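Student: I have a structure on my screen and want to learn how to read it. Where do I begin?

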Amino acid sequence: MTIAPTITVRRVTTTRSGGFSAPPYDSFNLGDHVGDDPAAVRRNRDRLAEGIGLPPERLVWMEQIHGRNVEIVDGPRAEPVPATDALVTTVPGLALVVLTADCVPILLSDDEAGVIAAVHAGRIGARIGIVPRVLDAMVSVGARLDRVGALLGPAASGRQYEVPAAMRADVEKHLPGSATTTVRGTPGLDLRAGISRQLTEAGIGAIAVDPRCTIEDHTLFSHRRGAPTGRIGGVIWMEAAA
């Protein structure tokens, strides 16, 4: 009798502390596109790999462009996956990384099927449908939507994410549930609320939301609070035990 391996899905969200980058990227900046010293970023990425117990080459990064491209990966990549905002894999021991500093990092998994995804969902990507695209990709490699769980990581909150009224109306039209009013009484967006509604309507029942606001929480990076700045990482991977 053959016993299928048991899959354990791991998720990690980093903060800005514990790294090697100098201000204004202090100190655990994982973004290699924000003007930080490349050597410091490499050291930070190596420390992340060590912290999650994987070799650095088993972490897969993206060249995020605020689009809706999705890439299915089946092994390590020597360079960041170009021009994509979501990664999907069925390979245990391969960690998918999403970088953010106000946008919404989404970590998805069908633990039974052994399918995971990491998604970068900013205002533009969420508006144009990155979430439905990645769900379709997960289903194409064996996931079932009623088994998928989602974690929406730290992001700009509706309390603080101020936008023009016309922009709020436009995003609400394409991502219902995202329109809000900030603490200053101005038009705002709560992308996590809109994405949560979108996931629920797609049939996703298990949705967890990290309540931290990147603009308010100085232990996290926030482009809106102060650019230039670094990027935190959302990481998801599978461990297989016989």
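Student: Which residues of helix α3 are buried?
Tutor: Keep in mind that this is a predicted model. Buried means under 20% relative accessible area. In α3, residues 130-140, the buried set is I130, V131, V134, L135, A137 and M138.

Student: Where do those buried residues fall when I look down the axis of α3?
Tutor: They lie within an arc of 160°, so they line one face of the helix. The other side of α3 has D136 and S140, which are exposed.

Student: What do the buried residues of α3 pack against?
Tutor: Look for strands and helices. The strands are β3 (70-72), β4 (86-89), β6 (104-110) and β7 (115-121). The helices are α2 (123-128) and α5 (191-202). Just after α3, look at the backbone too: G142 has a positive phi of about 115°.

Student: How do I read the sheet of six strands?
Tutor: Write down the strand order, then find the edges. Here the order is β3-β4-β7-β6-β8-β11, in an open sheet with mixed pairing. β3 and β11 are the edge strands, each pairing on one side only. From one strand to the next, the twist averages 15°.

Student: How many bridges join β3 to β4?
Tutor: Three, and the two strands run parallel. To place the pair on your screen, find E71: its bridge partner in β4 is L87. Then add the helix. α3 packs on this sheet and touches β3, β4, β6 and β7. The direction of α3 makes about 165° with that of β7.

Student: Is V88 in strand β4 buried or exposed?
Tutor: V88 is buried, because its relative accessible area is 0%. Next, list its contacts, skipping residues up to four places away in sequence. V88 touches V70, E71, I72 and V73, among others. It also touches V134, A137, M138 and V141. Three of the α3 residues already named as buried, V134, A137 and M138, are thus on the contact list of V88.

Student: Which residues have the most contacts inside the largest nonpolar core?
Tutor: They are V104, I106, L108, M138, I195 and L199, in a core of 33 residues. Then ask which elements supply the core. β4, β6, β7, α3, β8 (149-152) and α5 each give at least two residues. The largest share, six residues, comes from α3.

Student: What is V104 in contact with, beyond its neighbours within four places in sequence?
Tutor: V104 contacts V119, H120, A121, L152, A155, L191, R192 and I195. There is also a second, separate core of 14 residues, including L96, V98, A118 and I236.

Student: What is the strand order in the open sheet of four strands?
Tutor: Read it as before. The order is β1-β12-β5-β2, with mixed pairing. β1 (6-13) and β2 (59-60) stand at the edges with a single partner strand each, so one side of each has no neighbour in the sheet. β2 pairs with β5 (residues 95-100) in the parallel sense over two bridges. There, L59 stands opposite A95.

Student: Where does T214 lie?
Tutor: A residue outside strands and helices deserves the same checks. T214 sits in the loop between β11 (206-209) and β12 (232-241). T214 is nevertheless buried, with a relative accessible area of 1%. Its side chain makes a polar contact of 2.6 Å with that of D102. Beyond its sequence neighbours within four places, T214 also contacts residues including A101, P154, F221 and R225.

Technical notes:
Residues numbered from 1 in each chain as written. Predicted model: local features only at pLDDT ≥ 70, side-chain atom pairs only at ≥ 80, totals over all residues. Heavy atoms only, no water. Buried < 20%, exposed > 50% of the residue type's maximum accessible area, 1.4 Å probe, protein only. Polar contact = N/O pair within 3.5 Å; in protein donor to acceptor, adjacent residues only side chain to side chain. Contact = heavy atoms within 4.5 Å. Arc of directions from axis to C-beta. Pairing = 2+ DSSP bridges. Axes fitted to C-alpha atoms, helices over the stretch in contact; angles between N-to-C directions. Core = buried A, V, L, I, M, F, W, Y, C linked by side-chain atoms within 4.5 Å.
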